[in-house]
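Got the viewer open and a selection tool ready? Let's walk through this one stop at a time, picking a piece and seeing what sits there.

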Amino acid sequence: MTLMAASLEKPASSKKIPLNIKLIALILIPLVVGLAIGYGVAVVMMGGAAPAPKEKTVYNIGLTIPLSGELSSIGKIWEKVVSLAIEDLNNEVAACGLNVEFRLVILDDATSDETALQNVQSLHQQGIKVIVGPAASSQVKVVKTYADDNKIVIISPSSTAPTLAIPGDFIFRTVGSDAGQAKALSTLAYQEGARKLVIFFRNDEYGNAFADFLKQYFEEKGVSVSKLSYQTGLADYASEVATLASRVQSEGADGVILIAFDKDGANILSHAAESDILSNIRWFISEGPHGAGELLIAAVGRFASKVRLYGTRPLYIANPLYEDLAKRVREKFGIELGVFCEHLYDAIKLAGWAIIRAGKYDGEAIRNALVEVAKTYYGPSGWTMFDSAGDKAQQDYGVWAIVSTAEGYKFKDVGLFERGSIVFTEQAYP
Amino acid sequence: MIPGFVQTLINFVQYAFFYMIFSLPLTLSYRTTKVINFVHANFITYGAYIAIFLNGIVGNTSMVFASLSAFLIVGSIAVLNNLLVFAPLQKRGSSPAMVMISSMGLWIAYKYILYMLTDIVHFYTYKNFVSYGRITYSDIPSLSIGEVNLSQAFVAGMFTVVVIVLILYLILEKTRMGRAIRAIADNAMLAEVSGIPRSLLINLTWFICGGIVAIGGVVWTSFSGAVTPEVGDSMILQVFTTGFIGGLVSLLRTGAGALLIAFMENIGIALLNAYLGIPVSFRPFLTFVTLITTLILFPPLGAGGGLPYRFLKRRSEKCSDST
């Protein structure tokens, strides 16, 4: 009974402890020895102790561009350009010895104001502080308040409405405002002899502001102008073109200035080509439709030749960096650069270098750094310095036409706006 | 007469052709299947893009060939939609609203499938299909009557409308199949009980409707200066408006709706612009003012019967009670 009681009082575990220690020792000793041998072999094989590689710092740059909708024709070209731009940016930072990688987060805004805002909001939710795009001025206007409130740097490569030239905000534009282009386009039309014009324009932020500036410049030159706007986003513009023909006939106008995007521009020109009234006056056009493949069909090409169609666009003509970019895009993707491609390319490069210069991923710091980086950056779009409103300070304008070549109709830059007048560098039409 | 009125008149007739080609099948399909089908927009777009792919990839310039291909392919897509989505939902007792929402889902899906296709084709051909210029066809003439030129699109549209109206009339009025389709439209349950193969005829209706709309899409490629994967989307509101004027029931009233909307969008806006200075950018607004005015003045007998119709009905009931 006493023995039994004694054995019961002994803790049961005390008998098992020596066994467990043996077991643990049996496992641990070979493991430690194995690790030691393995480390030794690794050191010998690698020729010395290697420090763990430092992980790359990854920065995201947001992108909201029109891969569908009214600007999709040019948006699809932009998609190719941005892939080249980010590749070049990463190569440059690597060449500088920086352990940094930039990644693009691309969203399609369908050329819609609401979708552009949704994109900016969702990019912001992902922690992104720098966004390239959106394309249209009406979109930039919609995202502006959200961007300013949340300190998100917006760099639009193509918004040109003068009404958005506002100092101190978070909106930057790598292209000059249309106040400059309106001067170039009005000079072009005047120099070509047009004295009574109808301005046919998109009823949106871009079209309205551009038309107002054009009217002002034309009136300063003593040219009579009337304005006719059309609703955007329609499937077709045959009815609008018929009304334009009616207006031209009733007013005895000798020219039309078209302010359009690519899809509506192509549509309007193809219907105008069928009108006797509109085929017998001069046509001038803004930068919007430049680069859109739909303009290169035979009907529009013949019309362009008949009415001696000329357009203006932001372009630093004969820039070797632009030519190099055009060549690389042609070789890699088999496409020609369209309007604003060079401004988009530079916007991405500027965004990347501004993040590096800021030293931290913070909207306010990046905004301040962007202004400084742009002062010394020269790219395919030329010198990118911003003015006080965050728009490109020095913007040159080229003159484009649709010319007939052995391979069909093509866009060609045929002149430039220099010191207040248009200088043609070559003859576009016979 | 306002300057350039002849072109405005031609545009009116041209648009009336398009609205008829697009909205008659919408009314027929709703009447028979009771599905408010948003994929109708894709039928237009896919019809246009079959012509575009045939033109851009293999260089086809025959509108007849493109129309035949579009009819068969899009007609088959319409049948597949019914077999895989609408019919199973209806069999499970889903409400018409649920079926309509499923068609909206398909609408978005088809749109982005087409965007993907244009990207894939671009990758191999280096051609831009996301926005395509007007196609000039080799087998459709353009006509000149005096000083008036009628484009290929006008000739093709006129021919298509005449053929479609004739075929629909012959099928629906002169064949047993047509009578069976009408019986399903009037009372599907009763038709089925009386031995009419309901699901077969509904599939056939989808095939015919999808195919006809696709032909309209092909004709559109000879008219519009720029076709994108959203061409159907930007037209669908006008097409539905035209259908609603017919209450989504009457083919005759749908035809009248097509004429009315085309008139307001072309001649109406031209007159308002010329005489009252109303901007031409008010054109889409005018479409919906026309719709609302028409619905209030002439309430439809079918799906769109709203407050005024009930009010009229109640008033007529009161009148009959008092007599």
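Before the first stop, one definition: two strands count as paired here if DSSP finds at least two bridges between them. Keep in mind, too, that what you have on screen is a predicted model.

**Stop 1: three parallel strands in chain A**

Select F284(A) and look across to β10(A): which residue is its bridge partner there? Y310(A) is the one. Now widen the selection to the whole of β9(A) and to β10(A), residues 310–314, and you have a parallel pair held over 2 bridges.

Next, add β8(A), residues 255–259, which runs parallel to β9(A), residues 282–285, with 4 bridges joining the two. If you want a landmark in this pair, pick G255(A), whose bridge partner in β9(A) is R282(A). Then bring in α9(A) and follow the chain: β8(A), α9(A) and β9(A) make up a β-α-β unit, and a right-handed one.

**Stop 2: the five-stranded sheet**

Stay in chain A and select β1 to β5. They form an open sheet with parallel pairing, in the order β2-β1-β3-β4-β5. Which strands sit at the edges? Those are β2 (100–108) and β5 (171–173) of chain A, each of which pairs on one side only. Going from neighbour to neighbour in this sheet, the strands are turned against each other by 25° on average, ignoring direction.

Zoom in on β1(A), residues 57–65, with β2(A): this parallel pair counts 9 bridges. For a spot to centre on, take I61(A), which stands opposite L104(A) in β2(A).

Now turn on the helices that pack here. α3(A) lies on the sheet and touches β1 and β2 of chain A, its direction making about 170° with that of β2(A). α12(A), residues 341–358, also packs on the sheet, and its contacts take in β1, β2, β3 (130–132) and β4 (153–156) of chain A. Compare the direction of α12(A) with that of β3(A) and you get about 170°.

**Stop 3: two hairpins**

Move along chain A to β13(A), residues 397–405, and β14(A), residues 408–418. The two pair in the antiparallel sense over 8 bridges. They form a hairpin with 2 residues between them. At T405(A), look across to the bridge partner in β14(A), G408(A).

Carry on through β14(A) to β15(A), residues 421–424. These strands run antiparallel as well, joined by 4 bridges. Here E418(A) has S421(A) as its bridge partner in β15(A). Between the strands of this hairpin there are again 2 residues, and R419(A) is worth a click for its positive phi, near 50°.

**Stop 4: where the chains meet**

Show both chains and colour the contact between them. How many residues does each chain put in? Chain A gives 40 and chain B gives 35. On the chain A side, the elements that supply two or more residues are α3 (72–95), β7 (224–230), α8 (238–251) and α9 (262–272). α8(A) has the largest share of that side, with 9 residues. Colour the side of chain A that touches chain B by class and you should find 14 nonpolar, 19 polar and 7 charged residues.

**Stop 5: helix pairs in chain B**

Hide chain A and select α2(B), residues 40–58, together with α8(B), residues 198–220. Their axes are 7 Å apart and the helices pack at an angle of about 50°, so α2(B) and α8(B) are oblique to each other. This crossing is right-handed. Among the residues that meet are F43(B), Y46(B) and I50(B) from α2(B), with V213(B), I215(B) and W220(B) from α8(B). The residues of this contact comprise 11 nonpolar, 6 polar and no charged.

For the last selection, take α1(B), residues 5–33, and α5(B), residues 152–174. The axes come within 9 Å and cross at roughly 40°, which makes α1(B) oblique to α5(B). Left- or right-handed, this crossing of α1(B) and α5(B)? The crossing is left-handed. Side chains to show include F17(B), F18(B) and L24(B) of α1(B), along with F154(B), M158(B) and L168(B) of α5(B). By class, the contact of α1(B) with α5(B) has 12 nonpolar, 3 polar and no charged residues.

Terms used
Residues numbered from 1 in each chain as written. Chains lettered and ligands numbered in written order. Predicted model: local features only at pLDDT ≥ 70, side-chain atom pairs only at ≥ 80, totals over all residues. Contact = placed C-beta atoms within 7 Å. Nonpolar A, V, L, I, M, F, W, Y, C, P; charged D, E, K, R; others polar. Right-handed = clockwise from strand over helix to strand, strands pointing away. Axes fitted to C-alpha atoms, helices over the stretch in contact; angles between N-to-C directions. Parallel < 35°, antiparallel > 145°, perpendicular 65-115°, else oblique. Left-handed = near helix turned anticlockwise from the far one by under 90°.
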